[in-house]
Amino acid sequence: MTPWEMVAVFVAGVGAGGINSVVGSGTLITFPVLLATGLPPVTATVSNALGLIPGSISGAIGYRKELRGQGRRVLKLSAGALVGGLAGATLLLRLPSSAFERIVPTLVGLALVLVVLQPVIAKKVRSRREAAGDTGRRDVGPLLLLGLTLASVYGGYFAAAQGIIYMSLMGMLLDEPMQRLNGIKNVLAAVVNSVAALFFLFAAHFDWTAVLLIAVGSAVGGTTGAMVGRRFSPAALRALIVTVGTAAIVQLVLR
């Protein structure tokens, strides 16, 4: 990497760490930057997964207040995230790279749709609950566990917008404030990134320069995002994610 490319990857890591702790979809920032440095898509994904671990952990620690009293729930969901993340990482390396290059633009596009529609979906779910007089569930049911496990398979394969998927599922199936759900989301993302990264360490090629730059940047961003992220405008964050994600799709298609 050139010095300017290293700066760009570090800055992308800071942005991804901050956005992941608050909204999710930070991969839509780091992934296109890694592609722009010349890394192949699979190598970029593996390097990104390794680099984002510190950011995921710092984001989860930053939301420790919201996680109080949710130990059993988090443990149960983390078990599903571990299994799903390992399955997704295995698929990434088992499928041919040509399949990844065909699948990822579609995944990124679907992730962007989820980012845009998430407020609308959440509003409709709340309205239906209120109309039905449903106070919502507070325990982890089989449907939520299955849904989050499948979302973790996606996260282990390609992490873009996995946090949005987590929040959408939990928002529909758990009766908890969004900030408490956000704390769970950060723990699940940390579990998926960590198990996928450990698998990649022994079975995949990655770029250590990219990993280290994203790791330091995401740790800084995750801590900062957890502290000040609640002050950010969700609309502004979504606009940034959609813009960068669109650039990623264009770059993937033109490669």
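Helices here are DSSP runs of H or I with at least four residues, numbered from the N terminus. With that in hand, welcome to a short tour of this predicted model.

**Figure 1. The whole chain is built from helices, twelve of them, with zero strands.** Read from the N terminus, the elements run α-α-α-α-α-α-α-α-α-α-α-α. The protein has 255 residues, and 53% of them count as buried. The close-ups below visit a covered helix, an internal cavity and a patch on the surface.

**Figure 2. Helix α2 is mostly covered.** This helix spans residues 27-36, and eight of its ten residues are buried. From its start, T27, L28, I29, T30, F31 and P32 are buried, and L34 and L35 join them further along. Look just past the helix for G38: right after α2, this glycine takes a positive phi of about 105°.

**Figure 3. A closed space of about 80 Å³ is the second largest cavity.** The structure holds two cavities of 30 Å³ or more, and this view is centred on the second largest. Its lining counts 14 residues, and those closest to the centre of the cavity are T45, A49, G155, A159 and N193. Three elements each give two or more residues to this lining: α3 (41-51), α8 (142-157) and α10. Helix α10 supplies the largest share, with four residues. What classes of residue make up the lining of the second largest cavity? Eight are nonpolar and six are polar, while no charged residues take part.

**Figure 4. A nonpolar patch of about 610 Å² lies on the surface.** Five residues make it: L198, L201, F202, W208 and L212. Helices α10 (178-203) and α11 (208-228) are the elements that give two or more residues to the patch. The most comes from α10, with three residues. Readers arriving from the previous figure will recognise this helix, as α10 also gives four residues to the lining of the second largest cavity.

**Figure 5. A closer look at L212, one of the patch residues.** L212 sits in helix α11. Is this leucine buried or exposed? L212 is exposed, because its relative accessible area is 52% and the cut-off for exposed is over 50%. Patch membership asks for over 30% relative accessible area, so L212, at 52%, also clears that limit.

Note on methods:
Residues are numbered from 1 along each chain as its sequence is written. This is a predicted model: local features need pLDDT of at least 70, side-chain atom pairs count only at pLDDT 80 or more; totals for chains, interfaces and linings use all residues. Side-chain values use heavy atoms; hydrogens and water are left out. Patches are made of residues with over 30% relative accessible area and no salt bridge: like charges are joined within 9 Å, nonpolar side chains (Val, Leu, Ile, Met, Phe, Trp, Tyr) within 5 Å. Accessible areas come from the Shrake-Rupley method with a 1.4 Å probe; for residues, only the protein chains shown count as cover. A salt bridge is a side-chain nitrogen of Lys or Arg within 4 Å of a carboxyl oxygen of Asp or Glu. Buried means under 20% relative accessible area, exposed over 50%, partly exposed in between (1.4 Å probe, protein chains only). On a 1 Å grid over the protein atoms alone, a cavity is a set of points where a 1.4 Å probe fits but cannot get out, and a pocket is an open set with protein on both sides within 12 Å along at least five of seven lines; lining residues have an atom within 4 Å of a point. Grid points are joined across faces, edges and corners, and a volume is the space filled by probe spheres set on the points. Ala, Val, Leu, Ile, Met, Phe, Trp, Tyr, Cys and Pro count as nonpolar, Asp, Glu, Lys and Arg as charged, and the others, Gly among them, as polar.
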